[in-house]
Amino acid sequence: MVISVVIFILIFIIIILLFIVIYQQFVYTKGIQAKLKKISMELSDIVENDSDEKVMVFTDNKTLMNLCGEINRLLLDRQKIKNDFRKQEISSKKMLSNISHDIKTPLTVILGYLEIMRLNHPDDETLQKVEAKAEQVMELINQFFTLAKLEAGDMNIEVSKINVSALCRESILSFYDILCEKDFTVDISIPEKDIFVYGEKAAIDRILSNLISNAVRYGSDGKYIGLTLRESEDNVYIDVMDKGKGIEKEFALSVFERLYTMEDSRNRNIQGNGLGLTIAKNLAGQLGGDIVLDSEPNVKTTFTVKLRKFKY
């Protein structure tokens, strides 16, 4: 009888010990999983936010400590690569800006000599063609120079109160002759009251000019151009529309990339330098705004400029 009681007690103790071991193992495993989940979440936040933070997990587990150490070492390498890339990018942009400036000087002299020669020989068609091509090259260099200064942060844009209603009217009016010549239908919707934004006159004028000329060039099949000015509580929107061939969805983001030309997405017979839309989007960004594209091929293509609304 006593032996049976002893055996029962021993079995009970063993069961309790096994239960304690299993429970400790469960708690340990759950704790490890919780810490791994925390590491995963922190790493995901770092990657999504593109931050330079490090993974921080407090634990006595040497394996987890080593894992965090290796992850942070990779994050340090990533940070160094990012910093090196930014330095090289800034250096390249400044070099491009300097090269563009250096090319402009001799080209200006060449254009001066060509103008003198054309004045002396007004009927020489060859001289007229050479001068026209040289002016195209100068325009391209000017656009390179503008974009390089924008991307290098060397362009000083002073933001102030701007009457965007008047700017929209002036911009579309400056294209009056070419729109009449090409027999475009012009649809303008600008409120009678003046609308003001935080901006810079030259920058907004350049944005509108680039978008309107883009619509005239690539939307000529539709013989239509529209300009709408509208506002919300915090922002002002300018829509520049055409009814040309349009842009497929897969090209919607690419049109704003540097040196991307529209012949692949809209009109294969028209060559573009791929800088106008890039400059426009950069300028909009400098003003605290943006430009987005919405296009339904052969129906309507709309570039929308968003600017910050001036509040009294």
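## Strands β5, β6 and β7

Val292 has Thr304, a residue of β7, as its bridge partner in this predicted model. Seven bridges pair β7 with strand β6, which covers residues 290-296, and the sense of the pairing is antiparallel. The two strands β6 and β7 make a hairpin, with three residues between them. Asn298 sits in the turn of this hairpin and has a positive phi of about 65°.

Strand β7 is also joined to β5, by eight bridges, and these two strands run antiparallel. One of the positions is Asp242, whose bridge partner in β7 is Thr301. In a regular strand, side chains alternate between the two faces of the sheet.

## Overall make-up

The protein contains seven helices and seven strands. Their order along the sequence is α-α-α-β-α-α-β-β-α-β-β-α-β-β. The protein has 312 residues, of which 36% count as buried. Of the contacts between residues at least 6 apart in sequence, 68% join residues at least 24 apart.

## Confidence in the model

The mean pLDDT of the protein is 80, and 86% of the residues reach 70 or more. Among the elements, strand β5 (residues 235-242) has the highest mean pLDDT, 95. Helix α1, made of residues 2-49, has the lowest, 71. The pLDDT falls below 50 over residues 262-272. In the model this stretch has 34 contacts beyond near neighbours in sequence.

## Aromatic pairs

How many aromatic pairs does the count come to? The count is two. In one of them, Tyr198 and Phe310 have ring centres 5.1 Å apart. The planes of these two rings are at 50°, so the pair is tilted; an angle over 60 degrees would have counted as edge-to-face. Tyr198 belongs to strand β3 (residues 196-199), while Phe310 is in the segment after β7 (300-308). The pair therefore ties together parts that are 112 residues apart in sequence. Tyr198 has a relative accessible area of 27% and is partly exposed.

Phe256 and Phe303 form an edge-to-face pair, with 6.0 Å from centre to centre and 90° between the planes. Phe256 is in the loop between β5 and α7, and Phe303 is in strand β7. The two residues are 47 apart, and the pair links distant parts of the chain. Both Phe256 and Phe303 are buried.

## Lysines over rings

Phe256 has a further partner: Lys281 lies over the face of its ring, at 4.6 Å from the ring centre. A similar arrangement involves Tyr224, where Lys243 lies over the face of the ring at 4.3 Å from its centre.

## Helices α6 and α7

Helix α6 has 18 residues, 201-218. What span should these residues have at 1.5 Å a residue? The expected span is 26 Å, and the end C-alpha atoms of α6 are 26 Å apart, which agrees. The buried residues of α6 include Ala203, Ile204, Ile207, Leu208 and Leu211. An α-helix has 3.6 residues a turn, so residues three or four places apart point the same way. Further along α6, Ala215, Val216 and Tyr218 are among the buried residues.

In α7, the buried residues are Gly276, Leu277, Thr278, Ile279, Ala280, Leu283 and Ala284. After α7 comes Gly288, which has a positive phi near 85°.

## Helices α2 and α3

Is Glu131, in helix α3 (residues 125-152), buried or exposed? Its relative accessibility is 8%, so Glu131 counts as buried, the cut-off being 20%. Leaving aside residues up to four places away in sequence, Glu131 touches Leu111, Leu114, Glu115 and Arg118.

Helix α2 covers residues 62-120 and includes Ile99. Ile99 has 39% relative accessibility and so counts as partly exposed. Its C-alpha atom is 9.6 Å from that of Phe144, a residue 45 places apart from Ile99 in sequence. Thr105 is also in α2. At 47% relative accessibility, Thr105 counts as partly exposed. Thr105 and Met138 are 33 residues apart along the chain, and their C-alpha atoms are separated by 10.0 Å.

Conventions:
Residues numbered from 1 in each chain as written. Heavy atoms only, no water. pLDDT = per-residue confidence, 0-100. Helix = DSSP H or I, 4+ residues; strand = E, 2+ residues; numbered from the N terminus. Contact = heavy atoms within 4.5 Å. Phe/Tyr/Trp six-rings, centres within 6.5 Å; stacked < 30°, edge-to-face > 60°. Buried < 20%, exposed > 50% of the residue type's maximum accessible area, 1.4 Å probe, protein only. Lys NZ or Arg CZ within 6 Å of the ring centre and 35° of its normal. Pairing = 2+ DSSP bridges. Expected span 1.5 Å × (residues − 1).
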